[in-house]
Amino acid sequence: MSNAIKIHSFPLSGHAHRVQLFASVAGIAHNIIHVDLPAGEHKQAPFLTLNPLGLVPVIEDGDAVVHDSISILIYLARKYAPSFIPQDLQHEAEMHRFLAMSAGEISYGVGAARLINVFNSPSDPVFAKATAEKALTKLEAQLIDQDYLVANKISLADFAIYSYVAHAPEGDVSLAPYPNVRRWLTNIEGLRGFVAMPATKAGLVA
């Protein structure tokens, strides 16, 4: 696929997975380039020429280089899949609220709890789990009688939130109290082109 975008990724990164998932579901031609994070490849040249911050994901689209997963989602949608951005301005604003949530409560909640369990992050587990539960409670309420987060239609909001919420149990955050969230996860997983992020704990359950 000579015209395919390049996604520099790591399979256990939720930030990278949300980009791969969106590209796959949206039908955007792409190649995955594995970055060996355990070996520190992301902190060395030539990767640092793509992203001086030394973080995945990064995409290359011809001469364009974009990093930060949310920025990448917006770039890809604007250029290749605009139907995933609501046309109604109020709905678009709501979508951006969830994009911000993905970088805030989701990252510091379910994302941090998973990092503690799986990668021995020094973050505070009590704070992470409390933040996770608050975020999941908000999502549970948002998804009452809705299949997706914004205007009952698939949008970038769903891709930004999905990966870390789906893997919340890896951080010992149960999804059992959140039936609407679990139904929403099933909806995402039923999309054509869905690709899963690998589990990192044996016996992963919701």
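Author: A residue is called buried here if its relative accessible area is under 20%, exposed if that value is over 50%, and partly exposed in between, with a 1.4 Å probe and protein chains only. This is a predicted model, in which local features need pLDDT of at least 70 and side-chain atom pairs count only at pLDDT 80 or more, whereas totals for chains, interfaces and linings use all residues. Residues are numbered from 1 along each chain as its sequence is written, and side-chain values use heavy atoms, with hydrogens and water left out.

Reader: Why does D68 count as partly exposed?
Author: The relative accessibility of D68 is 42%, which falls between 20% and 50%, so D68 is partly exposed. D68 is found in the loop between β4 (64-67) and α3, where helices (H or I, at least four residues) and strands (E, at least two) are DSSP runs numbered from the N terminus. Its phi is near 80°, a positive value in a residue other than glycine.

Reader: How do you know that a positive phi deserves a remark?
Author: Most residues other than glycine have a negative phi, and most peptide bonds are trans. A151 is another residue to set beside that, with a positive phi of about 55° although it is not a glycine. A151 sits in the loop between α5 and α6, and its relative accessibility of 37% makes A151 partly exposed.

Reader: Which peptide bond in the loop before α2 is cis, and what is its omega?
Author: The bond from A45 to P46 is cis, with omega near 5°, and P46 lies in the loop between β2 (30-34) and α2 (47-50). A cis bond also joins V56 and P57, where omega is about 5°, and P57 belongs to the loop between α2 and β3 (58-61).

Reader: What makes the 55 residues a nonpolar core, and which of them have the most contacts inside it?
Author: A nonpolar core is a set of buried Ala, Val, Leu, Ile, Met, Phe, Trp, Tyr and Cys residues joined through side-chain atoms within 4.5 Å. The largest such set has 55 residues, and F22, L139, V165 and W184 have the most contacts inside it. Among the elements that give two or more residues to this core are β1 (5-9), α1 (14-26), α4 (89-119) and α7 (179-189). A second, separate core of six residues includes V35, F47, L50 and V56.

Reader: How do you know whether F22 is buried or exposed?
Author: F22 has a relative accessible area of 0%, and since this is under 20%, F22 is buried. Leaving aside neighbours within four places in sequence, F22 is in contact (heavy atoms within 4.5 Å) with I28, L73, L76, A77, A81, F84, L156 and F159.

Reader: Why is α1 described as largely enclosed?
Author: Ten of the 13 residues of α1 are buried, so the helix is largely enclosed by the rest of the structure; the buried residues include G14, H17, R18 and F22.

Reader: Why is the pair of F22 and F84 given the name it has?
Author: Rings of Phe, Tyr and Trp (its six-membered ring) pair if their centres lie within 6.5 Å, and planes under 30 degrees apart count as stacked, over 60 as edge-to-face and the rest as tilted. By this rule there are five aromatic pairs. The centres of F22 and F84 are 5.1 Å apart and their planes stand at 85°, so the pair is edge-to-face. F22 lies in helix α1 and F84 in the loop between α3 and α4, so the pair ties together parts that are 62 residues apart in sequence. F84, at 11% relative accessibility, counts as buried, and ring pairs link F22, F84 and F159 into a cluster.

Reader: What makes α4 depart from a straight helix?
Author: The expected span of a helix is 1.5 Å times one less than its number of residues, which for a straight helix of 31 residues gives 45 Å, whereas α4 spans only 39 Å between its end C-alpha atoms. There is a kink of about 60° in α4, centred on S107, where the bend at a residue is the angle between axes fitted to the seven residues ending there and the seven starting there.

Reader: How do you know that D88 caps α4?
Author: A side-chain oxygen of D88 lies 3.0 Å from the backbone nitrogen of Q90, at the N-terminal end of α4.

Technical notes: A polar contact is a pair of N or O atoms within 3.5 Å; within protein, one must be able to donate a hydrogen and the other to accept it, and residues adjacent in sequence count only if both atoms are side-chain atoms.
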